[in-house]
Every structure is written in structure tokens, then in C-alpha cells.
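Here's a quick briefing to read alongside the model. Have the sequence and the 3D view open as you go through the points.

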Amino acid sequence: MTTVLDVELDLYPTVSFPLTGAQSVILALFRQRGNFTDSELNDHYAANWEFQGWPQMRYETPRRRRSDLTNLGLIVADEGEKRRNRFNGLEQVWKVSHE
């Protein structure tokens with residue numbers, strides 16, 4: 001089910017987007033931290049969801065919600081930025097779009 005939520009965070013105006021609750025949480029994480037690779041995002045969410053009171057998700061779901069936000073133009077690739085994951089592969093770094 002999709003709902004329209006008002007997303008309001010420090011330093012950002014309130015903007016209405018057709019976001020699910022999970023998408024809103026992931027967008028808030030990017031706005032608070034700045035950037036993540038997909039592995040970092042999945043690991044951060046898995047380590048903190050219960051303590052923070054976020055909805056429980058399967059391990060890969062935060063990455064999927066990041067992909068949704070990318071398709072909406074809210075998250076973009078941080079050009080030229082890649083970081084190594086735990087398997088020593090390079091991963092794209094993602095950040096909030098400022099457009």
C-alpha cells in the first residue's frame with residue numbers, strides 16, 4: 001500500500017512524495033548519514049532496526065527501497081565514488097539528490 005507522507009528532516013524543507021513507510025525510513029537514513037553503498041545500507045539497517053524502532057525488513061530490502069528512491073530521483077549515484085565491500089568488490093556510493 002502506498003501512502004503520501006510528509007518528509008521533514010533538519011535542513012530540508014517539507015516535501016510530499018508518494019513514499020511507503022520503508023522508503024521514508026531509507027530516505028531519512030541517507031539524509032542523516034549522507035551516503036551509503038548498498039552493502040553498507042543493508043548492514044546499517046540490520047544492525048539498528050530493532051534499537052531504532054524501524055520496521056523489520058529482510059536483509060536486502062533496504063537496497064531495494066534505495067532503488068525505488070533512485071527511480072524517483074531522490075537518491076543519486078555519487079559520481080566517481082566507489083567503496084570496497086566485505087568481499088573486496090567495488091560498490092557504487094549513493095547520496096541524496098539535491099535537485
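**Fold at a glance**

From the N terminus on, the elements of the chain run β-β-α-β-α-α-β-β. Keep in mind that this is a predicted model. Counted up, the secondary structure comes to 3 helices and 5 strands.

**Whole chain**

- The chain has 99 residues, and 33% of them count as buried.
- About 6400 Å² of the chain is exposed, with carbon and sulfur atoms supplying 47% of that area.
- Take the contacts between residues at least 6 apart in sequence: 39% of these join residues at least 24 apart.

**The largest nonpolar core**

- This core holds 17 residues, and the members that touch the most others are Ile26, Leu29, Phe30, Tyr45, Leu69 and Ile75.
- Three elements each supply at least two of the core's residues: helix 1 (21-33), helix 2 (38-52) and strand 5 (90-96).
- Helix 1 gives the largest share, with 6 residues.
- Want one residue to click on? Try Ile26: setting aside neighbours within four places in sequence, Ile26 is in contact with Leu41, Tyr45, Pro62, Arg65, Arg66 and Leu69.

**How helix 1 meets helix 2**

- The two helices pack at an angle of about 105°, and their axes are 12 Å apart.
- Angles of 65 to 115 degrees count as roughly perpendicular, so helix 1 is roughly perpendicular to helix 2.
- On the helix 1 side, the contact is made by Val25, Ile26, Leu29, Phe30 and Arg33. Helix 2 answers with Glu40, Leu41, His44 and Tyr45.
- Sorted by class, the residues in this contact are 6 nonpolar, 1 polar and 2 charged.
- Some names turn up twice here: Ile26, Leu29, Phe30 and Tyr45 are among the core members that touch the most others, and they also take part in the contact between these helices.

**Asp38, a residue to look at**

- Asp38 lies in helix 2.
- Is Asp38 buried or exposed? Buried means under 20% relative accessible area, and Asp38 comes in at 14%, so it counts as buried.
- What is Asp38 in contact with, leaving aside its neighbours within four places in sequence? The list is Arg63, Arg66, Glu91, Gln92 and Trp94.
- Arg66 is one link to the core section above, as it is in contact with Asp38 and also with Ile26.

Note on methods: Residues numbered from 1 in each chain as written. Predicted model: local features only at pLDDT ≥ 70, side-chain atom pairs only at ≥ 80, totals over all residues. Heavy atoms only, no water. Core = buried A, V, L, I, M, F, W, Y, C linked by side-chain atoms within 4.5 Å. Buried < 20%, exposed > 50% of the residue type's maximum accessible area, 1.4 Å probe, protein only. Helix = DSSP H or I, 4+ residues; strand = E, 2+ residues; numbered from the N terminus. Contact = heavy atoms within 4.5 Å. Areas by Shrake-Rupley, 256 points an atom, 1.4 Å probe, with all protein chains shown as cover. Axes fitted to C-alpha atoms, helices over the stretch in contact; angles between N-to-C directions. Parallel < 35°, antiparallel > 145°, perpendicular 65-115°, else oblique. Nonpolar A, V, L, I, M, F, W, Y, C, P; charged D, E, K, R; others polar.
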